[in-house]
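Colleague: I have this one open and would like to go through it with you. Can we take it piece by piece?

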Amino acid sequence: MLLSSLVSTSSQVAATSGRLAKITLLADLLKQAGPDEIALAIAYLSGTIRQSKIGVGWATLNKAKSYVATTPRLTIQEVDATLEKIAMTAGKGSATEKQRLLSDLFSRATAEEQDFLFRLLTGELRQGALEGIMVEAVAKARDLPASEVRRATMLAGNLGAVASGDVASFKVELFRPIKPMLAKTATDVDEALAELGPASFEYKLDGIRIQVHKRGAEVRVYSRTLNDITGEVPQVVASVKGLKVGEVILDGEAIVLSADGRPLRFQETMKGLGSAVPFFFDILYSDGASLLDQPYSARTKLLPEAHRPPHIVTADANAARSFFDAAIAAGQEGLMAKGLESKYDAGRRGGAWFKIKKANTLDLVVLAAEWGHGRRHGRLSNLHLGARDPNGGFVMLGKTFKGLSDELLEWQTQQLLEKEVKREGHIVYVRPELVVEIAFNGLQDSPHYPGGLALRFARVIRYRDDKKPEDADTIETVRKLHGTGA
DNA sequence: ACTGATGCGTC
DNA sequence: GTCGGAC
DNA sequence: GTCCGACGACGCATCAGT
């Protein structure tokens, strides 16, 4: 199949707003793909490549730009072969060689094809369709219910594999990881209870998600994105080997504990993954049987109790609230709330799981803003945030672009341009006059920012028109917050 | 041997 | 990871 | 309910250049 056919479909998809229309376009292309092409077509049109990573990003792609072909001759198999070569290059001189292979590939591509490859390889396809839409397209092309394709994909771990073959034949299998179930956010336990009724509340541990597969002494550990991280978490492996179970798939979180049993901060956990220990909150498979469709309350009974995070079952808001306070006091991130009757909704966020975290707010000053990309093109989007320095000036604590409606984006662009003092690249520096209320989930030590501190998950709540920069929070306040564990 | 750039992973 | 927009 | 696309923080591995 010619790359140009894919690119043409991609452009049409990008130019179409309706999802159903996108699905039709994609399905039509898939019907034209041969059996040895369809997996590649699916990957490229959902913004992924077969190699998953090839050590090439925006910088390398920019340097590799070269001639433009006039006739589209590249096939998707040729693209795949080149990407495979690039992925395989390693060691001294590999950066140059990757660049050479890329230049060579680009020189055989038309302008539209180069643009497509650039977006594909930077992970910014921007056609308004990725795997979620592609699942529907595969279903349409094969004339199957989308739910069956979705289920097979979750079990196969790969949509391409589902494009051909018997969809009903996919089963839960040891050492083939399943996409983990995700959670929605709730602002407090009351909201979670209102949604779920009686629920299981569990400490939310601030580590990394793990899915552990065990058959006898054989143990493998997978990350949230299904990477095999067995070699990085030896303590998890050792711990699981000690469990008195035969075949099992467990879902949980790995964190590092200090000597007194309190959790280390996330940053420290990342530095010391080798000593991370597992906590398990779900079980997906046991001794030959899938448990995905069992109710949560039944699954949790099969968990190794010694390795569960602290948990209660309650419908009482006061009990849940004090459990939340206990979690925070213990240095944890907050709570998870889970519906007792819920199935394991692999790969989905829509199910009966809620996360409840604690957030702080600060009033900070906008120091600069960056021009947006894509749908934010032409708008000042990413804000540079500073705390007031009592000795004069401001200390930058991070950036955010989140929490802004289109309307607010428009407003802030006008406001900031009026206050512009200089430009450097895509950054517009402004007089520090606008105060903005920022929510965030914690402070981290920063090796990069001047105050040695940075905000985690910062987002805009609202502009504080009622405040002047001299009313903004100071860096001292922020340091104090950091000291209390925020 | 060290530093900075780059890519990619976790959240 | 969070958030807003669009379907 | 769901999906997508805006982009944040750090830590680590690898490679190029000094």
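Colleague: What does the backbone of Ser-94 do at DNA strand D?
Modeller: One of its backbone N or O atoms lies 3.2 Å from a phosphate oxygen of DNA strand D. A polar contact here is a pair of N or O atoms within 3.5 Å; inside the protein, one must be able to donate a hydrogen and the other to accept it, and residues adjacent in sequence count only if both atoms are side-chain atoms.

Colleague: Before going on, what sort of model is this?
Modeller: This is a predicted model, where local features need pLDDT of at least 70 and side-chain atom pairs count only at pLDDT 80 or more, while totals for chains, interfaces and linings use all residues. Residues are numbered from 1 along each chain as its sequence is written, chains are lettered from A and ligands numbered from 1 in the order in which they are written, and side-chain values use heavy atoms, with hydrogens and water left out.

Colleague: Back to DNA strand D. How far from a phosphate oxygen are Leu-130 and Arg-348?
Modeller: For Leu-130, a backbone N or O atom is 2.6 Å from a phosphate oxygen of the strand. Arg-348 uses a polar side-chain atom, at 3.1 Å.

Colleague: Which residues come nearest to DNA strand D?
Modeller: Gly-91, His-373, Phe-401, Ser-446 and Tyr-449, out of 38 residues around the strand. A residue is near if one of its heavy atoms lies within 4 Å. Of the atoms of DNA strand D that come within 4 Å of the protein, 89% belong to sugar and phosphate.

Colleague: And what kinds of residues make up that surface?
Modeller: Near DNA strand D there are eleven nonpolar, 17 polar and ten charged residues. Nonpolar means Ala, Val, Leu, Ile, Met, Phe, Trp, Tyr, Cys and Pro; charged means Asp, Glu, Lys and Arg; the others, Gly among them, are polar.

Colleague: Now DNA strand B. Which residues come nearest there?
Modeller: Gly-57, Thr-60, Arg-209, Ser-223 and Thr-225, of 19 around DNA strand B. Sugar and phosphate make up 97% of the strand's atoms within 4 Å of the protein.

Colleague: Which polar contacts does Gly-55 or Asn-227 make?
Modeller: A backbone N or O atom of Gly-55 is 3.0 Å from a phosphate oxygen of DNA strand B. With Asn-227, a side-chain N or O atom is 3.2 Å from a sugar or linking oxygen of DNA strand B.

Colleague: Which element supplies the largest share of that surface?
Modeller: H4, with three residues. Helices (H or I, at least four residues) and strands (E, at least two) are DSSP runs, numbered from the N terminus.

Colleague: Different topic: how is chain A divided?
Modeller: Into domain 1 (3–167), domain 2 (182–357) and domain 3 (361–483), with bounds from an automatic or database domain assignment. The centres of domain 1 and domain 3, taken over C-alpha atoms, are 37 Å apart.
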